[in-house]
Amino acid sequence: MSDPLKRLADKKVDRVRDSLQRRHGKERRFRTYGLLSIFFAVAFLTLILATIFSSGFKAFVSTEVKMTFVVDSKNHQSARRMIRNKLREEFSNVTSRVERRQLYGIVSTESEYILQEQIESQLGDQPKVISLWLPAGDRFNQYHKGSLKKDEVSGFKSREVDWYKALDNEQRIRTVFNWRFFTGGDSRNPEVAGIAGSLTGSFFTLLLTLILSFPIGVGAAIYLEEYAPKNRITEFIEININNLAAVPSIVFGLLGLAIFLNVLGLPRSTPIVGGLVLTLMTLPTIIISSRASLKAVSPSIRDAALAMGASRTQVVFHHVVPQALPGMFTGSIIGMAQALGETAPLLMIGMVAFIVDVPGGFFDAATVLPVQIYLWSENPERGFIELTSAAIMVLLAFLFLMNGVALYLRRKLERK
């Protein structure tokens, strides 16, 4: 009898061992699949970031050409004519109209305004010599940075290379940090275009969004979670808040177009309208995250406060809300980060206009950084490609910063 029982026991042990091996094999395969998923996600993210950085870092430097002018009040000329006469004087072998147009492209058209400001500030009775480093034209700028190669069809022509070498041999070409990218507004010329206007527009828009969405969203969450009776009306409100969080952002743009522009008559393409539209879009996110933070507070805190004689309002604002603040701040900052990257709702309210001047308030015409990226991506000039990538880098930097602030505030408030 012992032999059959032993064989049966051995079979059971073998089956258990095989089952354990299969389960351990499945666990190893699952871990391998997870590691592969993380690897591919990191690889694709690295590829995207590397592509953006490889084409965008060149936008942070620009090329300048040194030119010297004689300013005479008795024989005063316009800045444009002075620049063109100077170029024709230095390259006298240029005669055809096509070559002259290429010759004038050595410096940017923005140079006319720079020279004009210098003339107005230094014009006097006696002739004066003015030496200026002027921004190079887009083609010369791209060739100097290595983005444009010599090609008689679509690239840098042989005569343009000769002009470049002549200026370079005289040490009249230099590379400088592109401060205009951060201090200038939008421009049709990529070599002098900047993001100051869109950054200021984003600041005013997000500031108004934060001022409106945070107190309204947190207040609504506190009322729904702590005070509102549980009936069909509150259930209907909760369902619609959850549904609004999944609505495409362009729908909020259509709502803003219908109400704020057509009914209320607010000015188009202004931060006041953009802030109101983004407030409507971020409210569901803030309300949902704030309610989740309030639900996460232990019921024992409420019971202990009530047992000590605290009123319901004291329980909520002295004990529950301080415990839920980390989650509320995190949800609000994540909602603001989402608003910072939105484009579709702002296109619907006209914030896609070409804005050169930097806005000075909530009612000035403005655009935002994502819309500026969208506008630059449509331009055919080579210089706008690197500007688009550089603006994306700035936008990503702000998004990482906002998420970092959210994590910092959460940890700090949780410790407190």
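In this predicted model, α8 passes α13 in a right-handed crossing. That pair is a good place to start, with the cores and a handful of single residues to follow.

## Helices against α13

α8 and α13 pack with their axes 9 Å apart and at an angle of about 140 degrees. Anything over 145 degrees would count as roughly antiparallel, so α8 and α13 are oblique to each other. On the α8 side, the contact is made by Ser202, Leu206, Thr209, Leu210, Ser213, Phe214, Val218, Ile222, Glu226 and Tyr227. Facing them from α13 are Arg312, Thr313, Val316, Phe317, Val320, Val321, Met328, Phe329, Ser332, Met336, Ala339 and Leu340. Sorted by class, the contact of α8 with α13 has 15 nonpolar, five polar and two charged residues.

α13 also packs with α12, a helix that covers residues 299-307. The axes of α12 and α13 come within 10 Å and cross at roughly 155 degrees. With 145 degrees as the cut-off, α12 and α13 are therefore roughly antiparallel to each other. This crossing, of α12 past α13, is right-handed. Ile301, Arg302, Ala305 and Leu306 of α12 make the contact with Val315, His319, Val320 and Gln323 of α13. The contact of α12 with α13 splits into five nonpolar, two polar and one charged residues.

What about Val320 of α13? Val320 is listed in the contact with α8, and Val320 turns up in the contact with α12 too.

## The nonpolar cores

Which residues touch the most other members of the largest nonpolar core? Phe181 and Trp376 do, in a core of 40 residues. The helices that each supply at least two residues of this core are α8 (196-227), α10 (249-263), α11 (271-296), α13 (312-340), α15 (369-377) and α16 (382-415). α16 gives the most, with ten residues. Helices α8 and α13, the oblique pair from above, are both among the contributors.

Phe181 deserves a closer look. Leaving aside residues up to four places away in sequence, Phe181 touches Ala59, Phe60, Ala193, Gly194, Ile195, Ala196, Trp376, Leu387, Ala390, Ala391 and Val394. So Phe181 and Trp376, the two residues that touch the most other core members, also touch each other. Apart from this core lies another one, of 28 residues, with Val65, Phe69, Val71 and Val107 among them. As background, nonpolar side chains tend to be buried together in soluble globular proteins.

## Residues one at a time

Two loop residues other than glycine have a positive phi, in each case near 55 degrees: Gln171 and Ser269. Gln171 sits in the loop between α6 (158-169) and β3 (173-177), while Ser269 is in the loop between α10 and α11. Are these two buried or exposed? Gln171, at 67% relative accessibility, is over the 50% cut-off and so counts as exposed. Ser269 is buried, because its relative accessible area is 6%, and the limit for buried is under 20%.

Here is how the accessibility values line up:

| Residue | Relative accessibility | Class |
|---|---|---|
| Gln171 | 67% | exposed |
| Ser269 | 6% | buried |
| Ile173 | 11% | buried |
| Ser198 | 1% | buried |
| Glu110 | 28% | partly exposed |

Ile173 lies in strand β3. At 11% relative accessibility, Ile173 counts as buried. Not counting residues up to four places away in sequence, Ile173 touches Thr63, Glu64, Val65, Trp133, His144, Tyr164, Leu167 and Asp168. One of these, Val65, is a member of the core of 28 residues. Between the C-alpha atoms of Ile173 and Arg232 there are 73 Å, and the two residues are 59 apart along the chain.

Ser198 is in helix α8 and is buried, with a relative accessible area of 1%. Outside the four places on either side in sequence, Ser198 touches Thr367, Val368, Leu369 and Gln372. How far apart in space are Ser198 and Asp186? C-alpha to C-alpha, Ser198 and Asp186 are 8.2 Å apart, with their positions twelve residues apart in sequence.

Finally, Glu110 is in helix α4 (residues 110-122). Its 28% relative accessibility makes Glu110 partly exposed. Glu110 and Ser311 are 201 residues apart along the chain, and their C-alpha atoms are separated by 67 Å.

Conventions: Residues numbered from 1 in each chain as written. Predicted model: local features only at pLDDT ≥ 70, side-chain atom pairs only at ≥ 80, totals over all residues. Heavy atoms only, no water. Core = buried A, V, L, I, M, F, W, Y, C linked by side-chain atoms within 4.5 Å. Buried < 20%, exposed > 50% of the residue type's maximum accessible area, 1.4 Å probe, protein only. Helix = DSSP H or I, 4+ residues; strand = E, 2+ residues; numbered from the N terminus. Contact = heavy atoms within 4.5 Å. Axes fitted to C-alpha atoms, helices over the stretch in contact; angles between N-to-C directions. Parallel < 35°, antiparallel > 145°, perpendicular 65-115°, else oblique. Left-handed = near helix turned anticlockwise from the far one by under 90°. Nonpolar A, V, L, I, M, F, W, Y, C, P; charged D, E, K, R; others polar.
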